[in-house]
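Look at the model below. Follow the report one element at a time, and find each residue as it is named.

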Amino acid sequence: MYPEDTLEDINQELKSQRDEIELQKREIEAEKRRSEELLKNILPEETSRELMIHGEAKTQFYKKVTVLFSDFQGFTNMCENMHPQEIVRELAIHFSKFEEICEQHYVEKIKTIGDAYMCAGGIPMRNNSNPIDVILVGLDMIRYLEKCNKEKEREGLKPWNVRIGIHTGNLIAGVIGKKKFAYDIWGDTVNTASRMETSGEINKINISDDTYRYVKDFFYCVPRGKIEAKNKGLIDMYIFLGIKHEF
């Protein structure tokens, strides 16, 4: 603004500046909302809220969490005969469905590692039903893949078979990273769940004795006896057969 400017010119200049400030404010608020939505997609809602309010999320100890590991059988061999883009596309389709299944049963997706998928029930919101919830997730995963494999069989394509292992116990959960946040879980429960998967059978749910004790009144399971698990020794394992008729 200059001395020769009229009052009208000054008011117009001030209005222009206010409009620019208001536009910048809306852009900042929109960017903040996008950041918050992105954070919610990466982390559990309760954890992302704590992070936004306090700038950090405290590590939590949980007494009863049920962890599921799944792994596609023969995935390495499939990779040798499939185009990389085809492999990624198929994994994306299956993992997206797994996420949808987890949401339906209030189970938290933790992460994917190659063709492995890990999720857990009872975190970050504690509940007593998590052993049942997670087994239902595993059951829906197998049902979904069975449907997919019937279509593949009609088209002359190789099926995608899965092994699923489940274990219940205590663990620690929290957020790691400063720029690239990741919600993760640690403890012997995680390791044992992984061993349940590697010791499992194709297209079946292999559960530990600890999980079995929580679900035996609701599900039919057949004992496998003590099975050798890498770095864990002999562990009592059970194969899930189905939901009891009264339920």
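Thr66 stands opposite Thr168 in strand E4. This is a predicted model. The strand pair behind that match is E1, residues 60-72, and E4, residues 162-176. E1 and E4 run antiparallel and share eleven bridges. E1 also pairs with strand E3, residues 116-121. That pairing is antiparallel too, over six bridges. Here Ser70 stands opposite Tyr117 in E3.

| Strand pair | Sense | Bridges | Residues standing opposite |
|---|---|---|---|
| E1 and E4 | antiparallel | eleven | Thr66 and Thr168 |
| E1 and E3 | antiparallel | six | Ser70 and Tyr117 |

How enclosed is E1? Ten of its 13 residues are buried, so the rest of the structure largely encloses this strand. In a regular strand, side chains alternate between the two faces of the sheet.

Now move along E4 to Arg163, which lies in that strand. Is Arg163 buried or exposed? Its relative accessible area is 17%. The cut-off for buried is under 20%, so Arg163 counts as buried. Its side chain makes a polar contact with the side chain of Gln73, at 2.4 Å. Setting aside neighbours within four places in sequence, Arg163 touches several other residues, including Phe69, Ser70 and Asp71. Glu197 and Thr198 are also among its contacts.

Those last two names lead to a helix. Helix H6 covers residues 188-198. Eight of its eleven residues are buried, so H6 is largely enclosed by the rest of the structure. Among the buried ones are Thr189, Val190, Arg195 and Glu197.

Two other helices meet elsewhere. H4 spans residues 84-104 and H5 spans residues 130-154. Their axes come within 9 Å and cross at roughly 145°. The crossing is right-handed. Which residues make the contact? From H4 they include Ile93, Lys97, Phe98 and Ile101. From H5 they include Val137, Met141, Leu145 and Cys148. The residues of this contact divide into nine nonpolar, two polar and four charged.

Finally, step back to the whole protein. It has seven helices and eight strands. Of its 247 residues, 40% count as buried. Take the contacts with a separation of 6 or more: residues 24 or more positions apart account for 67% of them.

Definitions and conventions:
Residues are numbered from 1 along each chain as its sequence is written. This is a predicted model: local features need pLDDT of at least 70, side-chain atom pairs count only at pLDDT 80 or more; totals for chains, interfaces and linings use all residues. Side-chain values use heavy atoms; hydrogens and water are left out. Axes are lines fitted to C-alpha atoms, for helices over the stretch in contact, and angles run from 0 to 180 degrees between N-to-C directions. Helices (H or I, at least four residues) and strands (E, at least two) are DSSP runs, numbered from the N terminus. A crossing is left-handed if the near helix is turned anticlockwise from the far one by less than a right angle, and right-handed if clockwise. Contact means heavy atoms within 4.5 Å. Ala, Val, Leu, Ile, Met, Phe, Trp, Tyr, Cys and Pro count as nonpolar, Asp, Glu, Lys and Arg as charged, and the others, Gly among them, as polar. Buried means under 20% relative accessible area, exposed over 50%, partly exposed in between (1.4 Å probe, protein chains only). Two strands pair if DSSP finds at least two bridges between them. A polar contact is a pair of N or O atoms within 3.5 Å; within protein, one must be able to donate a hydrogen and the other to accept it, and residues adjacent in sequence count only if both atoms are side-chain atoms.
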